[in-house]
Amino acid sequence: MSRCATVSRSLDEPVAGTAATATTWLLLEQPGPWGVKALTSSHLDPALGRALEAAAEGTGVRVALIRRPGRHADPGTPALRQVYVAHTVPGNVWLHSATTRDPYRLLGLDFAALGSGDPRSFGAALGGRPHTGDPLALVCTNGKRDRCCALLGRPLAAELASSGVRGVWEVTHLGGHRFSPTVLVLPYGYAYGRAEARTIKEALHGVQEGRVVVEGCRGCSAWDRPGQAAELAVRSAAGEYAAGALSVVRTEGRAPRWEVMVAHTDGRHWLVTVAQGASLPPRPESCDAAVLGAPARMDVVAVRELRTTALAS
């Protein structure tokens with residue numbers, strides 16, 4: 001049987017505008033096996049998982065579990081867990097880290113504040129500080145959710161780790177199984193699909209240089225999906241790869257057509273027309289899908305740089 005990622009790749013389904021949306025990512029280390037909905041089906045207390053889901057709802061924060069690359073025999077409850085929180089909105093991008101012996105302390109976080117870019121509760125509740133280590137590469141490997149994530153994601157995570165890349169973690173869910181292996185790079189929040197070790201190494205190197213790699217990029221999680229596609233289109237059209245240089249300042253319209261305003265920190269603006277299409281022919285959107293689907297795709301129809309007079313009108 002064809003896997004969903006194999007079919008998507010063979011049909012050359014575009015990846016731009018398909019990243020999970022979140023202004024802020026909260027990551028908690030949880031070794032051992034993960035179930036389909038890992039926050040409530042792993043060795044994390046499911047009551048805590050449900051409480052974290054409820055606390056994050058509507059705040060812009062996305063909670064995920066992480067673990068070190070490698071084999072996942074149940075090691076028991078870890079004595080000390082790594083915790084990260086990253087805000088991905090340009091102009092206020094940050095990554096903080098902490099460790100804790102009691103994951104229930106995460107319920108002391110101000111999720112609304114974290115979602116809006118204020119990290120102070122992370123310091124107060126967990127003693128968190130700005131992360132001074134390497135950028136993070138989160139590789140989706142949750143085979144219980146979709147087998148492509150395990151079959152394709154785990155070898156990628158292992159290859160990156162064994163080749164000396166630091167900051168590599170397995171993560172529970174990044175969306176878009178059919179684009180496996182999928183990777184999220186933090187702190188900037190750009191996601192990648194059909195990822196290869198070469199691309200992710202370059203993306204991590206780019207973070208250290210303040211640069212975004214657009215090859216295989218699904219978009220920045222800070223923006224909605226039309227905004228993701230629009231921002232990547234402007235980067236390509238303008239040859240602008242500096243991280244933080246572009247922001248989505250306005251999205252007007254509704255499916256299947258949007259007008260997205262993208263602004264540069266130097267004052268330039270672009271108006272990008274994005275149309276929602278259907279990826280045809282119908283294909284499995286996940287390996288366990290009972291029916292074929294035609295997933296939405298974000299097609300950039302036009303990219304137009306605006307003059308100052310047009311902005312004023």
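Start at T100, whose side chain reaches the backbone nitrogen of D102 at 3.1 Å. Keep in mind that this is a predicted model. T100 is found in strand β4. Is it buried or exposed? With a relative accessibility of 1%, T100 falls under the 20% cut-off, so it counts as buried. If you skip the neighbours within four places in sequence, the residues in contact with T100 are A79, L80, R81, V83, R105, L106 and L126.

Now zoom out from T100 to the sheet around it. Strand β4 covers residues 94–100 and is joined to β5 by two bridges, with the two strands running antiparallel. One pair to look for is S97, whose bridge partner in β5 is R129. In general, the strands of a sheet pair through backbone hydrogen bonds, in either a parallel or an antiparallel way. The sheet here is an open one of ten strands with mixed pairing, and if you walk across it you meet β5-β4-β3-β1-β2-β7-β6-β8-β9-β10 in that order. At the edges sit β5 (129–130) and β10 (217–220), each of which pairs on one side only. Helix α7, residues 225–238, packs on this sheet, where it touches β9 (190–192) and β10, and its direction makes about 110 degrees with that of β10.

Follow α7 and you get to another sheet, since this helix also lies across β11, β12, β13 and β14. Its angle to β14 is about 50 degrees. Those four strands make an open sheet with antiparallel pairing, in the order β11-β12-β13-β14. Why do β11 (246–254) and β14 (296–306) each have a side without a neighbour in the sheet? They stand at the edges with a single partner strand each, so one side is left free of a neighbour. From one strand to the next, the twist averages 25 degrees. Inside the sheet, β12 (residues 257–264) and β13 (residues 269–278) pair in the antiparallel sense over seven bridges, and R257 stands opposite A275 in β13.

One more helix is worth a look. Helix α6 has 13 residues, 197–209, and reaches 18 Å from its first C-alpha to its last, close to the 18 Å expected at 1.5 Å a residue. Its buried residues are A197, T199, I200, A203, L204, G206 and V207. An α-helix has 3.6 residues a turn, so residues three or four places apart point the same way. Just after α6 comes G210, with a positive phi of about 70 degrees.

How values were computed. Residues are numbered from 1 along each chain as its sequence is written. This is a predicted model: local features need pLDDT of at least 70, side-chain atom pairs count only at pLDDT 80 or more; totals for chains, interfaces and linings use all residues. Side-chain values use heavy atoms; hydrogens and water are left out. Two strands pair if DSSP finds at least two bridges between them. Contact means heavy atoms within 4.5 Å. Axes are lines fitted to C-alpha atoms, for helices over the stretch in contact, and angles run from 0 to 180 degrees between N-to-C directions. Buried means under 20% relative accessible area, exposed over 50%, partly exposed in between (1.4 Å probe, protein chains only). A polar contact is a pair of N or O atoms within 3.5 Å; within protein, one must be able to donate a hydrogen and the other to accept it, and residues adjacent in sequence count only if both atoms are side-chain atoms. The expected span of a helix is 1.5 Å times one less than its number of residues.
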